[in-house]
Every structure is written in C-alpha cells, then in structure tokens.
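Me: I'm new to this structure and would like a close look at one part of it. Could you pick a single helix and walk me through its surroundings?

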Amino acid sequence: MTPHRLTATEARRIAVRAQLLDEQARPGDLVEMTRRLTLLQVDRTRAVAPSAELVAWSRLGEQHPRDGVDEAIERRELIDLRGLARPPEDIALHRADMLAWDAGAPLLEYQEAQRDWVDDNEACRRDILAVLRTDGPLPRTELPDTIAVPWKSSGWNDDRSVTMLVELMIERGDIAVAGRDERDRRLFDLADRVYPDDPPVPRDEARRERAARRLRSLGIARASTTATPNEPNDVGDAGEPAVIDGVRGTWRVDPTQLDRPFRGRLAILSPLDRLIFDRKRMTDLFGFDYQLEMYKPAAKRRWGYWAMPILYGDRLVGKVDATADRVAGVLHLHAVHRDVGFTTSMETKLRRELRSLARWLQLRLDEP
C-alpha cells in the first residue's frame, strides 16, 4: 500500500499519544497503563525513584503508590519476565520461546551454547527446582550451588555460575520472579506457581502479536533496527507503512493513531522511558540530544547522573537533574538544563510537576 505521509509534528504526536503522555490519554490505573504500554522496565536505580515507578507516576500522577509496581508483581497483577513487568495474559506470548529450549528447536548460536551449558549442569538445575518446590519462593543466595561446569565469559559474569543458571532457567520457563524480600532481593519460585495457566501461543503467531502490541504502544517505529536484549525496538510488518517529512527511511505506523486530536502537557520522564529508550528513534523523531550518564565519571557528565528528560507537548525541551535524599527528606534539584527558551507558562508547569514529584516521593523540594 502507499505509505502514509506524515509531518514531523504528526509523527511526534503519534509517539507521545501512544505512550499515554498527552493530556487526553491518561490511563485509569497501573494495570490498564501497563496493558497499553505492554511493559515496564524493572530497573532498581533509586537516584530519584525506580524507573518503572517513575514511568507510572508520569502517566498516573500522585495517585500511583510509590512502590505500586513491586506490589503489583507480588500480587501477580503484573509479571516480571526478564526484568520487564508485563500483564499476566502476555506471558502466553512468550511460552513457546521458553519451551523451545527443551524441544530441540533451532536456537541462535549463543543460545545453543547456553543450552549445552545448562545440560552440563542438569544436576544443579534439578537441585534448584527441588528446593523451590519445597521452600520457595527464595532469593538466589538460598539456592543450592552444585554447579559442575562453571560459567565462563569475558570476565563480567565469571564466578556467578548460579546467577547465570537462574537467569537461563527463567528463559527456559523453569522458574520465575515471585517478588522481592525486605532487602530488595528478587525472590524466585517455580514458574507454574507464578505464571497464568494459559496455553502457549504458537511461536510465529506470538511474535506477530508481540510486534503488533509493541507498535500500538509506540505509535510509530522502524520495521527493522539494531537488535536489543529482551524487547526489540522494531516492529516488522505490523501496522502500515509511513514516511516522515525530513526523516530518512520507511516507518510503520499504528493506523488507529492517525488523524486523532492532540492536547499536550508537560511531563518529566524516566531516562528509561519507552518514549526515548530507542535513542536512534528519539533522535530521528525529536532531535533530542541526550544520554544516560550514570556510568560516566562525574566530571564528564553534561546533565547529571539520572537526568530526566522534560517533555512539553510534542517536543523534548530539556533535562532535570535531581536526587532524592531520603535520609534528609529532600528532593534536591541540582539543575534544569533548558534546550530551548522556556516561556513563563513552561516554567510554571515545570515547577508544578516538580512539586508533584516531591509530594509523591514524600520529600521536600529543595531548589537552588
């Protein structure tokens, strides 16, 4: 079919609206929000608040409990699958990939090596399953270490054999994350106790459906782009083709997002928000200069350890550098980096959003 021709403004508005960041698209609760976004990244960095909680606050506002995502996972309202919180019904779309590990199905070369390593440690895998069957859920430190063949890598994961086996047992569908303990450690249990008892969707059908849901959550995306772990950024042939004025290449667009009204607002985003997670897409659509600098030495940071992008309408206009000091009860606002000139209205809305963030965190806002 003939590609839809979109202006850059239209493309940005589709992306913002699909991610529930315009004024008209606010969801009613966390589970509804996650169904529409398809996932929340479970990252534990607490410079301000964990990313998944920040994502929820930016859509739901102060009604969202500060630990609402963790509580939803513990209640099985959401499922933590490889570090991504998903609606329970979506697990059926991943079960065929899990079953492929034991079914002799074709795997990528590195997965074949992983399957062989798990086979070499079959006794330890069975020991872990037996302990969880009796005493689960348990943290990793309370799982048996009867590893026969240690994990070998470039060095990063050496001496972490049980941890690597646990992660691969999650990929295989043997075990699952059941929540967290008082020390914020993941708790593991048998997958059959955590996942819904839904039949697996056939592999090809599941991949098509996952791509369709991904496109609905993004609004507009590349058909193909650089591969990423766990959750791709591309959508294959989902949706319909589109071209964007001034942006190279062909895109895929969710046709339900076309020709819809848009009413923007100001939002402070997590650095891992899906609106900006694909940095190439972020640059193509928004022309936004941004990197997560938490892994850089302090002297080399331009914007801050956990600088949070500022969305205004359909533009990314700056970054907020802030840190939550829970001992002192203060949200320290170190700087606001403005990429454009802020009007009085923008400044007012930003201060209002910062005060909302501080209230949600139950901290006092300390401004420079």
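Reply: What follows is a walk along one helix, with a few stops around it.

Keep in mind that this is a predicted model. Let's start with helix H7, which covers residues 122-135. H7 has 14 residues and reaches 20 Å from its first C-alpha to its last, close to the 20 Å expected at 1.5 Å a residue.

Which residues of H7 are buried? They are Cys124, Arg125, Ile128, Leu129 and Leu132. If you look down the axis of H7, these buried residues fall within an arc of 140 degrees, so they line one face of the helix. There is a simple background to this: an α-helix has 3.6 residues a turn, so residues three or four places apart point the same way. On the other side of H7 you'll find Ala123, Arg126 and Thr134, which are exposed.

What do the buried residues of H7 pack against? Their partners include the helices H6 (109-120), H8 (161-171) and H9 (191-194). Strands take part too: E5 (138-139), E6 (175-180) and E7 (186-190).

Just past the helix, have a look at Pro137, in the loop between H7 and E5. The peptide bond from Gly136 to Pro137 is cis, with omega near 5 degrees. For background, most residues other than glycine have a negative phi, and most peptide bonds are trans.

Now step over to H6, one of the packing partners of H7. Gln114 sits in H6, and this residue is buried, with a relative accessible area of 15%, because buried means under 20%. Leaving out residues up to four places away in sequence, Gln114 touches Trp101, Trp151 and Leu168. Thr344 is another matter: its C-alpha is separated from that of Gln114 by 56 Å, with their positions 230 residues apart along the chain.

H6, H8 and E7 also turn up at the largest pocket, where each gives two or more residues to the lining, as do helix H5 (92-100) and helix H10 (203-218). The largest pocket has a volume of about 1800 Å³. Its lining is made of 47 residues, and Arg82, Glu171, Pro229, Asn230 and Glu231 lie nearest the centre. Which element gives the most to the lining? That is H8, with six residues. By type, the lining of the largest pocket divides into 19 nonpolar, ten polar and 18 charged residues.

Two more stops belong to another part of the chain. Arg59 is in helix H3 (residues 51-60), and it is buried, with a relative accessible area of 1%. Among the residues that Arg59 touches, not counting those up to four places away in sequence, are Leu20, Arg26, Met33, Arg265 and Asp273.

That brings us to Leu20, in the loop between helix H1 (8-18) and helix H2 (30-37). Phi of Leu20 is near 60 degrees, a positive value in a residue other than glycine. Leu20 counts as buried, at 2% relative accessibility.

Gln362 also has a phi near 60 degrees, again a positive value in a residue other than glycine. You'll find Gln362 in the loop between helix H12 (344-361) and strand E15 (364-366). Is Gln362 buried or exposed? At 59% relative accessibility, Gln362 counts as exposed.

How values were computed: Residues numbered from 1 in each chain as written. Predicted model: local features only at pLDDT ≥ 70, side-chain atom pairs only at ≥ 80, totals over all residues. Heavy atoms only, no water. Helix = DSSP H or I, 4+ residues; strand = E, 2+ residues; numbered from the N terminus. Expected span 1.5 Å × (residues − 1). Buried < 20%, exposed > 50% of the residue type's maximum accessible area, 1.4 Å probe, protein only. Arc of directions from axis to C-beta. Contact = heavy atoms within 4.5 Å. 1 Å grid on protein atoms, 1.4 Å probe; cavity = no way out; pocket = protein on both sides within 12 Å on 5 of 7 lines; lining within 4 Å. Points joined across faces, edges and corners; volume = space filled by probe spheres on them. Nonpolar A, V, L, I, M, F, W, Y, C, P; charged D, E, K, R; others polar.
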